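Colleague: I have a chain on my screen and some questions about its fold. Can you take me through it?

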Amino acid sequence: MHREIPIWCKKEGLFRHDRKKENEEIEKVNRQKIGKKQEKTILTEKVPGVSEKVIHRPCILVSACLLGVMCRYDGKSNGLAGLERLQETTTFLPFCPEVYGGLPTPREPSEIRDGKVCSKSGRDVTAQFEKGAREALRMAKLLGCSAAILKERSPSCGSHQIYDGTFQGKRIEGRGVTAALLEKNGIRLFNEEQAEECLAWLEKYGRREERRSSEK
Ligand code: SF4
């Protein structure tokens, strides 16, 4: 674009065009344009092997056994728990707190009673469960997870129900150790049957966050 910058010529008593200044101004505008272009390229640049869609999707922590990982106490998984629709729009962080807490697979089943976690043979495994919970929270924070889909009734992951500690299969209302810590730290909990609720909540949450950042 041709730009004319008139300057006042004292000697002649009129405005003249300063070509040098004019060229400098054009260069400056061009540099700004190129800068913006580069910035745009960096923001949308693809990470090799990862689609752009994946990078910008919300991340949620998911009990690893719900994604086919064989980390359950009996060495099995809980199959693929119908989370496909959720997977289309979010990135999953598969996590097993009991394994991260240092327990082997397979392992004895455990239940919560009187604030402690004990295995069926009476071994106190509270420390391992608490370590796994802290690790889950650390990872969730690291990846910016705002929600978690957790296996119901597990002494680690149960978000609404757990077993009562008698190993008789009796369910009570309550939270597993990891679920309780995540919730205390503001992470929204859903169980494996609440994938649709989770989707709706994430949409609402995303809109709220967008509004907040545009107001800043
Ligand atoms: S601790 Fe959680 S993720 Fe690990 S096996 Fe139990 S329910 Fe699944």
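What follows is a short exchange on the fold, the core and a few single residues.

Colleague: What kind of model is this?

Modeller: Keep this in mind for every value below. The model is predicted.

Colleague: How many helices and strands are in the chain, and what share of the residues is buried?

Modeller: The chain holds seven helices and 10 strands. Its length is 216 residues. The buried share of these is 28%.

Colleague: Among contacts between residues at least 6 apart in sequence, what share joins residues at least 24 apart?

Modeller: Start from the contacts in the chain between residues at least 6 apart in sequence. Then keep those that join residues at least 24 apart. The share is 58%.

Colleague: Which residues have the most contacts inside the largest nonpolar core?

Modeller: That core has 37 residues. Elements giving two or more residues to it include β3 (59-63), β7 (147-150) and α7 (195-215). In general, nonpolar side chains tend to be buried together in soluble globular proteins. The residues with the most contacts inside this core are L61, A147, A148, I149 and L182.

Colleague: Which residues does I149 touch, beyond those up to four places away in sequence?

Modeller: I149 is one of the residues with the most contacts inside the largest core. Set aside residues up to four places away in sequence. I149 then touches I60, V62, S63, L66, L83, F190, E192, A195 and C198.

Colleague: Is V62 buried or exposed?

Modeller: V62 sits in strand β3. Its C-alpha is 5.7 Å from that of A148, although the two are 86 residues apart in sequence. V62 has 28 C-beta neighbours inside 10 Å, and 20 or more make a residue buried. So V62 is buried.

Colleague: How does L93 count, by its C-beta neighbours inside 10 Å?

Modeller: L93 is in strand β4 (residues 91-95). Its contacts outside its neighbours within four places in sequence include C59, I60, L61 and V62. The count for L93 is 18 C-beta neighbours inside 10 Å, and a buried residue needs 20 or more. L93 therefore counts as partly exposed.

Colleague: How far apart in space are L93 and C145, C-alpha to C-alpha?

Modeller: In sequence, L93 and C145 are 52 residues apart. C145 is nevertheless among the contacts of L93, as are M139 and L143. The C-alpha to C-alpha distance between L93 and C145 is 8.4 Å.

Colleague: Are α5 and α6 roughly parallel, roughly perpendicular or oblique to each other?

Modeller: Helix α5 covers residues 126-142, and helix α6 covers residues 177-184. Their axes are 8 Å apart, at an angle of about 40°. Under 35 degrees would be roughly parallel, and 65 to 115 roughly perpendicular. So α5 and α6 are oblique.

Colleague: What is the make-up of the α5 contact with α6, by class?

Modeller: From α5 come F129, E130, G132, A133, A136, L137 and A140. From α6 come V177, T178, L181 and L182. By class, the contact has eight nonpolar, two polar and one charged residues.

Colleague: Which residues does L137 touch, not counting those up to four places away in sequence?

Modeller: L137 belongs to helix α5. With 19 C-beta neighbours inside 10 Å, L137 counts as partly exposed. Beyond residues up to four places away in sequence, L137 touches L181, L182 and N185.

Colleague: Which elements do the buried residues of α6 pack against?

Modeller: The buried residues of α6 are V177, T178, A179, L181 and L182. They pack against α4 (97-100), β6 (116-119), α5, β7 and β10.

Colleague: What is omega for the peptide bond from T105 to P106?

Modeller: P106 falls in the loop between α4 and β5 (110-113). The bond from T105 to P106 is cis. Its omega is near -5°.

Colleague: Where do R153 and F167 lie?

Modeller: Neither is a glycine, yet each has a positive phi: near 75° for R153 and about 60° for F167. R153 is partly exposed, with 19 other C-beta atoms within 10 Å. F167 also counts as partly exposed, with 14 C-beta neighbours inside 10 Å. R153 lies in the loop between β7 and β8, and F167 in the loop between β8 and β9 (171-173).

Definitions and conventions. Residues are numbered from 1 along each chain as its sequence is written. This is a predicted model: local features need pLDDT of at least 70, side-chain atom pairs count only at pLDDT 80 or more; totals for chains, interfaces and linings use all residues. Axes are lines fitted to C-alpha atoms, for helices over the stretch in contact, and angles run from 0 to 180 degrees between N-to-C directions. Helices (H or I, at least four residues) and strands (E, at least two) are DSSP runs, numbered from the N terminus. Angles under 35 degrees count as roughly parallel, over 145 as roughly antiparallel, 65 to 115 as roughly perpendicular and the rest as oblique. Two residues are in contact if their C-beta atoms, placed from the backbone, lie within 7 Å. Ala, Val, Leu, Ile, Met, Phe, Trp, Tyr, Cys and Pro count as nonpolar, Asp, Glu, Lys and Arg as charged, and the others, Gly among them, as polar. A residue is buried if 20 or more other C-beta atoms lie within 10 Å of its own, exposed if 12 or fewer, and partly exposed in between; C-beta atoms are placed from the backbone. A nonpolar core is a set of buried Ala, Val, Leu, Ile, Met, Phe, Trp, Tyr and Cys residues joined through C-beta atoms within 7 Å.
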